[in-house]
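Biologist: Hi, have you got a moment to go through this one with me? I'd like to start with the helix packing.

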Amino acid sequence: MEERNTLSARSAVLSALLGSHPPRLPARHLVRIGALFGIAEGTVRVALSRMVAAGDLVQEDGFYTLSQRLVERQARQDESRDPHTRPWDGTWEVAVVTAERRAPADRAAFRHTMTALRLAELREGTWLRPANLVRGPWPEIVTAQCTLIDGRPHDDPTPLLWDLDGWAAEARQLERALDHALDHRGGLAEGFVVSAAVLRHLLADPLLPDELLPPGWPGAELRVRYDAFDRRYRELLTRHFSD
């Protein structure tokens, strides 16, 4: 995969920790992961220092742990592997921005939050999705800026909100990449990159109810294949660390 040649030390460290439970690894393991991609030990250690200074990581006794902000990202990643949905009754969640003035930083944080909640923007300031996800309370950043509505569009807006054909095509490509990696033809480095790519792709799954999905939707199949791959790859990676 093309990504293998451009993986940075920071990306390698983040991917390794986001895929670890708990998200805590010793420096020597992170150095060995960097070595899979030809990244020098010094480069990895500089990246680690910068990530600690930036608040991405916490360092203690030679171990590096994800900061709380990134632990929340890992939780979203885990949720994307095993999503919590509920039967859909046709209702949509609608959030309409009604706050009059917002700083650029507030707008960026709001957009990030709405994307993480798997809502899509129909037009400027109007976000929606089917109400089929198990949710806790809406974050304050949403309730402070939006009027929240439960509604039923007269026409299905799904094609305007998500590129389902594009997501499905990439999912099938990733399935083939997982099969290749499971055959051990690409080695640990390829498996690492494929794993990170699948997890990112699952984060982008809108998790729509079956009624709104096209025939042959590959979301469930990709999750099953990834779970099988992840179990085997973790065994290989553990063996690599212990060599």
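**Helices, a glutamine and some rings**

Biologist: How do α1 and α4 lie to each other?

Modeller: α1 and α4 are oblique to each other. Angles under 35 degrees count as roughly parallel, over 145 as roughly antiparallel, 65 to 115 as roughly perpendicular, and the rest as oblique. Bear in mind that this is a predicted model, where local features need pLDDT of at least 70, side-chain atom pairs count only at pLDDT 80 or more, and totals for chains, interfaces and linings use all residues. Residues are numbered from 1 along each chain as its sequence is written, and side-chain values use heavy atoms, with hydrogens and water left out.

Biologist: What angle do α1 and α4 make, and how far apart are their axes?

Modeller: The angle is about 60°, and the axes of α1 (residues 9-18) and α4 are 10 Å apart. Axes are lines fitted to C-alpha atoms, for helices over the stretch in contact, and angles run from 0 to 180 degrees between N-to-C directions. Helices here are DSSP runs (H or I, at least four residues), numbered from the N terminus.

Biologist: Which residues make that contact?

Modeller: From α1 it is Leu14, Leu17 and Leu18, and from α4 it is Leu70, Arg73, Gln74 and Gln77. Contact means heavy atoms within 4.5 Å. By type, the residues of the α1 contact with α4 are four nonpolar, two polar and one charged. Ala, Val, Leu, Ile, Met, Phe, Trp, Tyr, Cys and Pro count as nonpolar, Asp, Glu, Lys and Arg as charged, and the others, Gly among them, as polar.

Biologist: Gln74 caught my eye. Is Gln74 buried or exposed?

Modeller: Gln74 counts as buried because its relative accessibility is 5%. Buried means under 20% relative accessible area, exposed over 50%, and partly exposed in between (1.4 Å probe, protein chains only). Gln74 belongs to helix α4 (residues 68-81). Leaving aside residues up to four places away in sequence, Gln74 touches Leu17, Leu18, Gly19, Ser20, His21 and Pro23.

Biologist: And how many residues of α1 are buried?

Modeller: Seven of its ten, so α1 is largely enclosed by the rest of the structure. Among those buried are Ala9, Val13, Leu14 and Leu17.

Biologist: How does α4 sit against α9?

Modeller: α4 and α9 pack at about 85° with their axes 9 Å apart, which means α4 is roughly perpendicular to α9. Arg76, Gln77, Ser80 and Arg81 of α4 meet Leu199, Leu202 and Leu203 of α9.

Biologist: Changing topic: how many aromatic pairs are there?

Modeller: Six turn up in a search of the whole structure. Rings of Phe, Tyr and Trp (its six-membered ring) pair if their centres lie within 6.5 Å; planes under 30 degrees apart count as stacked, over 60 as edge-to-face and the rest as tilted. One of the pairs is Trp167 with Trp217, stacked at 4.9 Å centre to centre with 20° between the planes. The pair joins distant parts of the chain, 50 residues apart: Trp167 is in helix α8 (residues 164-182), and Trp217 is in the loop between α9 (187-203) and α10 (219-242).

Biologist: Are those two Trp residues buried or exposed?

Modeller: Trp167 counts as buried at 7% relative accessibility, and Trp217 is buried at 17%.

Biologist: What about Tyr226 and Phe229?

Modeller: Tyr226 and Phe229 form a tilted pair, 6.0 Å centre to centre and 40° between the planes. They are three residues apart in helix α10, so about one helical turn separates them. Ring pairs also link Tyr226, Phe229 and Tyr233 into a cluster.

Technical notes:
Helices (H or I, at least four residues) and strands (E, at least two) are DSSP runs, numbered from the N terminus.
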